[in-house]
Amino acid sequence: MTRHDAQHHGGTANLAGLDAYAPRIEALARKLGLEFAPVEFELVPDSFMAEIAIYGLPVRMRHWSFGVRYIHQLVHQKMGNSHMFEVMFPGDPCHAYMAEHNSVAENTLVTAHVLGHADFASRNALFLRFGDMAGQHILEQSAARAQRLELALQRHGQEQVEAVLDAALALEQHVDVHAELHRPPYAAPAGVAGTQTRPGAEDPFAQRYRRLPGEAAALAAHEAARARLAQRPLLPPQPEYDLLWFIAQHGPELADWERDIFLAVREESFYFYPVYACQIMNEGWASYWHARLLREADFLPPALYLSAIKSHSDVVRPYAGEHQQALAVNPYHLGFCMWEHIIEREGLARARQICRDDDDCSFIRNYLDGELAERLGLFVHESHRDGETRLASRDLPAIREAILAPKYNYGAPCIAVTLLNDDGSLVLRHDHQRDGRGLDLERAERVLAYIARIWRRPVTLHTADFRGTPRVLRSKADGVPEPPAPTASATTPTAPPVQR
């Protein structure tokens, strides 16, 4: 049963009005085939809504970067560029927070929208896989981690704790989403010491070669190197893209509380990944169902229905304000139109199968067709340094890839640990050819400084600049560079929870 909790007196009247319709909307949703875990709704002040959106969770570890994001969020809201009606967290139960300034009509729409999200999370394979790994009680787990961090602050001081968070949050999207959350250490290479060839088993040519002048010393050096390899296998055995995991497992001087912070940030990144990877599908699915539930809820008063459907139109419109063109895709608009298109052509059963099996990449590539792209007026544009913006292409594959480009690799550059040297120094490599882009070297140097301060050994990053020219960045020789002053660009933003 969906439960509505009011924690603030200002929302009591609103909640009382909503309670007249919410249970009937839920019953209608189940009648239409939606499946979802219980959803707990709560009315909260606008400031708390902004904090949830910025921190990603209602209670999370404290860090200065969240304050910077909070200021940016407030600026966008003051400029009218964003309006948050709700923030929803999948789980069992699901948690949904509504802004207490919302009208009854808006929160009626939000109730239907959240039920659409809950249905999506209960079907989609990516949500189910990561929910099983990261747990279905993320809010409680995050609160427990925040409490442990507060204890670390008391014991070790703000400077030490913040240095660890600087590095962990700068790398929060550098996880291997194809691996398991709880993965084992690297397996020892099999038969390294036992692969030596016995001299008697060699062919005659090899035996004569071993007797050549100077070859005995070279062979002895080679065998010694093999013995060292047997004692300390090459790490990592293959390029390791899960930077948070590798540093937590192999940081030469990390204390247990420092490892705990890296693993906590990693676990939360696993929880957020499906929200990021399915944003267009998920928001479109929720928008389709809130529109349909409102349309079929004949128990809603006409005035409330009209007000709610007006809010729906504002949410799924392709552009903001009075503009008649947009240079960025509204995921609500695109997803809503695609699901309507699919259901109209292939039926609801097929749509539910797609909901189960796809993420945004396969969804856009397989189901954004030329007819729909033309009807939505989609195009690829390019911006020049002089400020001029031009239409670059209306080619369908180019449109699809332009939509998906920011989603590739969790929105982060493809950087892997390639070598842990005998002296403890660390080598990172940016696969800029696979990535299709170079790095902002100034930002890369900041992040490298954060990593080196925690690794406590020299760290090297092989990359390329924005022109594609190969570059090598190195931390200071002592491995403990002074981090730069906090700026908004020093960390990679967290993938946000489901919100509008």
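1. The structure, a predicted model, holds 15 aromatic pairs. One of them joins phenylalanine 130 and phenylalanine 270 in a tilted arrangement, with 5.6 Å from centre to centre and 40° between the planes.

2. The location of this pair deserves mention. Phenylalanine 130 belongs to helix H6 (residues 125–134) and phenylalanine 270 to helix H12 (residues 256–277), so the contact ties together parts that are 140 residues apart in sequence. Both phenylalanine 130 and phenylalanine 270 are buried.

3. A further pair is formed by phenylalanine 363 and tyrosine 367. Their ring centres are 6.2 Å apart and their planes meet at 45°, so this pair is tilted. Here the two residues share one element: both lie in helix H17 (residues 360–367), with a spacing of four residues, about one turn of the helix.

4. On burial, phenylalanine 363 has 0% relative accessibility and therefore counts as buried. Tyrosine 367, at 14% relative accessibility, also counts as buried, because the category covers values under 20%.

5. Phenylalanine 363 and tyrosine 367 also belong to a cluster linked by ring pairs. Its other members are Trp285, Tyr288, Trp289 and Trp339.

6. Two contacts between a basic residue and a ring should be noted as well. Arginine 183 is placed over the face of tryptophan 245, at 3.7 Å from the ring centre. Lysine 407 is placed over the face of tyrosine 276, at 5.1 Å from the ring centre.

Key:
Residues numbered from 1 in each chain as written. Predicted model: local features only at pLDDT ≥ 70, side-chain atom pairs only at ≥ 80, totals over all residues. Heavy atoms only, no water. Phe/Tyr/Trp six-rings, centres within 6.5 Å; stacked < 30°, edge-to-face > 60°. Buried < 20%, exposed > 50% of the residue type's maximum accessible area, 1.4 Å probe, protein only. Lys NZ or Arg CZ within 6 Å of the ring centre and 35° of its normal.
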